[in-house]
Amino acid sequence: MSKKYLVTGGAGYVGSVVAAHLLEAGHEVVVLDDLSTGHRVGVPEGAEFIEGRVQDAAKWLDRSFDAVLHFAAFSQVGESVVDPEKYWRNNVGGTMDLLAAMRVAGVRTLVFSSTAATYGEPVNTPITETDPTAPTSPYGASKLAVDHMISGECAAHGLAAVSLRYFNVAGAYGDCGERHDPESHLIPLVLQVAQGRRESISVFGDDYPTPDGTCIRDYIHVADLADAHLLALDAAVAGEHLICNLGNGNGFSVREVIETVRKVTGHPIPEVVAPRRGGDPAVLVASARTAIDRLGWQPKRADLAEIVADAWAFAQAGRAATR
């Protein structure tokens, strides 16, 4: 049965892919995005687009909507350290306004784009949802604050909510891919070297306690991530806040990613070893058992070469530079 969904931040990377999946499933999609970091060209064909702030969602949200999928947030860790108030104001304050608008409109289902940054330095590997949360940046702290806010909304007002804590999202889906400016994610940065847009890729630390000395991260294809959001809509239960990690459950090192890009693109990728960055854990790998058990989710694109190939096709098409 067709439903109507509001996708906040739906002109961004993950939000646009989720919006595309919702449309393909036969649903009506309204994208709300202020284009401060999103891209109008990223909004999938068939979605209604509203240029506006999440803080003003009450202007458009009404009982005709079945649920909200919330991606509207700033997400640059480094920026959050030097400008934390920006993250509190938008990520936390904006979500508070959105929850109030949902309450007034009677929209009682929410899927929230959370993050592995809520955990900070991992205590265990792989990370489970019951592990301690100790974010090391205002970005991670803002997302954790929203998770707490949602839990309160569920308990007090019967909201049905699912928070999905992403690990490293990568790849592309059709016309939807990474268009970050500035770019901070490893795979698109390495692809920029393959395209000749950068001379080399910086490897921040090669002395970690890992097999090749570089950090290990859990990469998840953005299309698998989108699948989890559609499943979360069906799994949401009134009065419950379900939190699920999303990852493949195995990790790849920085050097493994670089070597995979070399194989996929056929280009040499010069490396420059740089000092470690503060707060970079050696290993970040997810346990997705809760998502598998509660959502019925299973990643289908766990091969790193497939993830890189999709991102490379997107980059080669010139879409990444289109605003």
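**Close-up views of helix packing and local backbone features**

**View 1. Helix 1 and helix 6 are oblique to each other in this predicted model**. The reason lies in the angle: helix 1 (residues 13–24) and helix 6 (residues 222–235) pack at about 60°, and therefore count as oblique. Their axes are 9 Å apart. The crossing in which helix 1 passes helix 6 is right-handed. On the helix 1 side, the contact involves Y13, V14, V17, V18, H21 and L22. These residues meet V222, A223, L225, A226, D227, H229, L230 and L233 of helix 6.

**View 2. Helix 3 and helix 4 are roughly parallel to each other**. Helix 3 spans residues 84–105 and helix 4 spans residues 138–157. Their axes cross at roughly 20° and come within 9 Å. Angles under 35 degrees count as roughly parallel, and the two helices are therefore described in that way. Helix 3 and helix 4 form a right-handed crossing. Helix 3 contributes P84, Y87, W88, N91, V92, T95, M96, L99 and R103 to the contact. From helix 4 come P138, Y139, A141, S142, A145, V146, M149, E153 and H157.

**View 3. Helix 5 and helix 7 cross obliquely**. The axes of helix 5 (residues 186–194) and helix 7 (residues 254–265) come within 10 Å. The crossing angle is roughly 45°, and the pair is therefore oblique. Helix 5 passes helix 7 in a right-handed crossing. L186, I187, V190, L191 and A194 are the helix 5 residues in contact. Their partners in helix 7 are V254, V257, I258, V261 and T265.

**View 4. A nonpolar patch on the surface is formed by V77, V81 and V82**. Together the three residues have about 280 Å² of accessible area. V81 belongs to helix 2, which covers residues 77–82.

**View 5. T125 and P126 are joined by a cis peptide bond**. Omega of this bond is about 0°. P126 is located in the loop that runs between strand 5 (109–115) and helix 4. Helix 4 is also the partner of helix 3 in View 2.

**View 6. L35 has a positive phi**. The value is near 60°, in a residue other than glycine. L35 is found in the loop between strand 2 (28–33) and strand 3 (48–51).

Terms used: Residues are numbered from 1 along each chain as its sequence is written. This is a predicted model: local features need pLDDT of at least 70, side-chain atom pairs count only at pLDDT 80 or more; totals for chains, interfaces and linings use all residues. Side-chain values use heavy atoms; hydrogens and water are left out. Patches are made of residues with over 30% relative accessible area and no salt bridge: like charges are joined within 9 Å, nonpolar side chains (Val, Leu, Ile, Met, Phe, Trp, Tyr) within 5 Å. Accessible areas come from the Shrake-Rupley method with a 1.4 Å probe; for residues, only the protein chains shown count as cover. A salt bridge is a side-chain nitrogen of Lys or Arg within 4 Å of a carboxyl oxygen of Asp or Glu. Helices (H or I, at least four residues) and strands (E, at least two) are DSSP runs, numbered from the N terminus. Axes are lines fitted to C-alpha atoms, for helices over the stretch in contact, and angles run from 0 to 180 degrees between N-to-C directions. Angles under 35 degrees count as roughly parallel, over 145 as roughly antiparallel, 65 to 115 as roughly perpendicular and the rest as oblique. A crossing is left-handed if the near helix is turned anticlockwise from the far one by less than a right angle, and right-handed if clockwise. Contact means heavy atoms within 4.5 Å.
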